[in-house]
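I opened my notebook on this one with a simple plan: pick a strand pair, work outwards to its sheet, then look at the whole chain and its partner. Here is what I looked up, in order.

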Amino acid sequence: MFATIDYQKDAEGIVTLTIDLKDRSMNVLTPQFVSELSQAIEQVAGDDTVKGAIITSGKDSFLAGADLKGLDEMFVAATDDVAAALEKASSFSLILRRMETCGKPFAAAINGMALGGGLEIALACHYRVAGDNARAVLGLPEVQVGLLPGAGGTQRLPRLIGLEASLPLMLQGKHVAPAKAAELGIVHKLVPAGEEVAAARAWLKDSPDAEQPWDKQGFKVPGGAGAMHPKAVQTFMVGTAMLAKEARHNYPAPISIMASVFEGTIVPMDTALKIEARYFTGLLRDPVSHNMVRTLFVNKQKADKLAYRAADVPRLEVNRLGILGAGMMGAGIAYVSAMAGQQVVLLDTDQAAAEKGKGYSEGLLAKGVERGKMAESKATEILARIHPTVSYDELEGCDLVIEAVFENREIKADVTAKAERVLGEQAIFASNTSTLPISGLAQASRRPERFIGLHFFSPVDKMPLVEVIVGDKTSEATVAQALDYVAAIRKTPIVVNDSRGFYTSRVFGTYTNEGIAMLAEGVNPALIENAAKFAGMAVGPLAVTDEVTLDLAWKVASQTRKDMGDKYEASVGEPVIRKFVEELDRKGKRFGKGFYDYPADAPKHLWPGLAEVYPHAEAQPDADEVTQRLLYIQALETARCLEEGVITRAEDGDIGSIFGWGFPPYTGGTLSFIDTIGIRKFVKECERLARRHGKRFRPSKWLKDRAKRGEPFYASGAKS
Amino acid sequence: MPEAYIYDHVRSPRGKGRPNGALHEITPIELTTQVLKALRDRNELDTRLLDDVVLGCVTPVGEQGANIARVAAINAGYAQSVPGTQLNRFCASGLEAVNSAAAQVMSGMSDLVIGGGVESMSRVPMGSDGGAWGTDPWVAYHTYFAPQGIGADLIATKYGFSREDVDAYAVESQRRAARAWKKGWFKHSVMPVKDSLGMTVLDHDEHMRPDTTMDDLAMLKPAFVMPGEIGFDSVALQRYPEVERINHVHTGGNSSGIVDGAAGVLVGSKKIGRKLGIKPRARIVGFASIGSEPTIMLTGPAPSAQKVLKRCRMSKKDIDLFELNEAFASVVLRFMQQLDIPHDDINVNGGAIAMGHPLGATGAMVLGTVLDELERRDRATALVNLCVGAGMGTATIIERI
């Protein structure tokens, strides 16, 4: 009768609705399912012989929430006429409301994961029983995609378990195990896995109540709610401050959840659902959620699954990996590779250094064991895969070698030659350089077609991105197989073509450079740093320059100057860096002082002497102007990378910007950022900035033409 | 336009705003009633001539709720014809009530009005009336709500007042208040509060600590570190990104005290004074309220002072004494810095740091205090001013006859 729901009525008049989306590994909300659920509810409601209904799933999960790919359509639809958008966004919520008020009792038999809309279906049932299934989780994770639980979640959960218990679940989007859900009161009963339907049936046969507690006269939210309840008021006041600190006014979802709960729990359910639907529609119409879904989920998953890998190249399984240089980066790469089951040869110039590199993994693994995240035996097994050595002979049989030695051409050439002497013909040699062009480094290789760049980010175990750099001569097969390695260690790859600084370092450099340029102009450094952070950058431009050290920035600039000769053009920030390194001896955090002071007993703070070196200008820009410069320069440089073919897909640009250097996630990345502003407006603003601050803001002809055509980077991102 | 004159003012002593405070047992309606009675009796008023009683109250709920002004007038035995109204300009409510009384007289629509205020902070806790600004999440978030203490600390940080600066200001406030009490300078206006048997419950400001030293104050922990860490520092810095981080300097020792109290000011036209045979003591020259940036909240005094001076075609030089409520030490220090006012000319008999700040009443109290001091010094003009919640400021200029 239905394609997504199996409708079975037994002799006792109990209907079992088994959700089972045939073409999916997991049940998700699709338009067809929603429509069929509505029909099934009407059928139950209209059939006098039906006593009640059970909702369960035919898969090992209950229902995993919205179909993220299908959300795109919702975002586009939501930009239409607001009344139509609201109607569309409310439809599922109204179906669930019909279910809970139709007069027939509904029981949810939660036999596995129930997230988002899945849990919302269950919450609208009059009774919930969950199976104690180790892999099952219940939660409302919508906030993570910039949305709110829009089918009654923000209303039913607080009415069920109170404000204090429900708000964190919705604001952080964390899920809980079935036992915890029972303890919190989210489900009525916990039963052994497999007995969910029987327990639901028992409730229906006993004396089921088809009226929700919140529809009964005199209902009160547990623990209190409302603008006059002292405890509730405190919860909202403190909660709002906490989320303002986190969201910094960049993410509209958390405050929409908070407001929906606050306003909704004062009024009856039907009114409450209207309030929730308005906030939900507001989020659908806001670009943030659309941008987050696109980049953080849909496109990231595509990248993780190597969607653009050349299909005809045989998959490479790296069994034995060589790492040259056991410093911070080498040690980190060793750890993630060993975790992925690879044998790792960790080579350095002396044994102690190599052992120290292994020690890094030892420390991380010990921490995992201590926190109960890993069994001791498993940690020992992983650690045993790392072989510290000084001998190049050990590299024999490696499928892939990654060099992570100093950023010095001669040293890199030397280790390349030494390694290739023992490597098999098919082995790939990768450089983890962050600045030196790959094609140049490949000249030291006997087989440049098997030479590639794998740019990791520090700390390797935490940073999710690997920038795969294709040199002039790198073969397609090498690219594909390097991607296989990145997927194996569970990192997200982007593929970029060779260029100085590649993609991420190059664009990131424009960010720090712009911050430093402002410092030199006399902009208050606290304003520079705060404006960056409040705009959502992970770290301020001055603080991050201190982190990577001014010393390194100066070395890179000097190397580039040497490499490029006459063609070299100094950045606006370069004189500042020179001054700090060569005159002021403030070389960065590692050296104990840089743009910041690092007192032993207090948090770091901006060096007071900054104001003497670069006195504050009389007229200070407002924070919006500072933010605009810092974000626009990165977006513009990304567009240049796309124009020059350094990146070939907008989604790589976006993924790289967020996961590589911490461009604000709410933007969806540097190119989604341009789309959100509108490419025409973006170009116009760049021209204005160029007149004020210099030609680095000048948009290219390519970009201007694109703006003239009104051509966004994503089809559904058109706004201008 | 008729002029508005101050004929008299009376205030209660200020009791500690805690269960062990002397006035905790006195209901706010009783506190107000005693003030109204005192004003009547001191001036032998025929209350049938009163056109209105305007009282400020910042937490008008429970026993302070539902228009305490009218009920206090009835309870005090005033003529039934005397109406009453309660208003809320937060911390300036008492002054706003006097300004409102003056406005009625100046408009010619009233002859005689009492302006004043009440707050029993021990019985009706501050904030217990809720309010959208702090508690409606959408509003709080989008208007960058942060509690006053964060604003006070932000003022100190932004304008360069150290912990030593604010503590030194507090020590001086205590010293000045103690001296004024000792010399009897408040005596004429402070009306002892009596119990139902007519025995005195309190006849002095109970909150003072005249022996306070810098060392004593240095021991106190900053009061707003915790709310700051929870998120309010970040909220404030998002409005003031030019500040690297907030230096928390305010403590219970350099902020206004939480106290109970009530006050009233008798305002009328020249004609009514003649009719009643009472002498005007000062003219209300003008008044003004302003709004300013609400997150820092407490920088309203300078713009409100500037506005009222301009309105009255006066300048700072025309003012003999300044009186600015000591909500927090940094508020007064910033005002002095901004308008270049020497400490010798402002809050000369101390203020709320020493004696306390009964929210709805303070405005009327400080107006009375500075009038008494003008008379004692035989000087002419004063500018009275309070910083006000949500970024407002209210100021009044008076001139002795």
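**Entry 1: a strand pair.** I began with strand S14 (residues 451-456) and strand S15 (residues 465-470) of chain A, which pair in the antiparallel sense over four bridges. Which residue stands opposite A:Phe456 in S15(A)? I found A:Val466 there. A reminder to myself: strands of a sheet pair through backbone hydrogen bonds, either parallel or antiparallel. I also noted that this is a predicted model.

**Entry 2: the sheet around the pair.** Next I traced the sheet that holds both strands. In chain A the order reads S11-S10-S9-S12-S13-S14-S15-S16, an open sheet of eight strands with mixed pairing. Why is one side of S11 and of S16 in chain A left without a neighbour in the sheet? Strand S11 (386-389) and strand S16 (492-497) stand at the edges and each has a single partner strand, so one side of each stays free of a neighbour in the sheet. I then checked the twist: neighbouring strands of this sheet are turned by 25 degrees against each other on average, direction ignored.

**Entry 3: helices on the sheet.** I looked for what packs on it and wrote down two helices of chain A. Helix H13 (residues 328-339) touches strand S9 (320-324), strand S10 (343-347), S11, strand S12 (400-403) and S14 of chain A. The direction of H13 makes about 170 degrees with that of S10(A). Helix H18 (residues 476-488) of chain A touches S12, strand S13 (428-431), S14, S15 and S16. For H18 the angle is about 170 degrees with the direction of S15(A).

**Entry 4: chain A as a whole.** Stepping back, I counted 29 helices and 18 strands in chain A. Its C-alpha trace spans about 85 × 65 × 55 Å along the principal axes. I compared the radius of gyration with the globule rule: a compact globule of 720 residues would have one near 27 Å, and the 29 Å of chain A agrees with this. Of those 720 residues, 52% count as buried. Among contacts between residues at least 6 apart in sequence, 73% join residues at least 24 apart.

**Entry 5: the partner chain.** Last, I turned to chain B, where 19 residues are in contact with 27 residues of chain A. The elements giving two or more residues to that side of chain B are helix H4 (132-135), helix H5 (137-142) and helix H9 (225-239) of chain B. Which of them gives the most? My answer is H9(B), with seven residues. By type, I noted ten nonpolar, six polar and three charged residues on the side of chain B that touches chain A.

Definitions and conventions: Residues numbered from 1 in each chain as written. Chains lettered and ligands numbered in written order. Predicted model: local features only at pLDDT ≥ 70, side-chain atom pairs only at ≥ 80, totals over all residues. Rg over C-alpha atoms; globule rule 2.2 N^0.38 Å. Buried ≥ 20, exposed ≤ 12 C-beta atoms within 10 Å, placed from the backbone. Contact = placed C-beta atoms within 7 Å. Nonpolar A, V, L, I, M, F, W, Y, C, P; charged D, E, K, R; others polar. Pairing = 2+ DSSP bridges. Axes fitted to C-alpha atoms, helices over the stretch in contact; angles between N-to-C directions.
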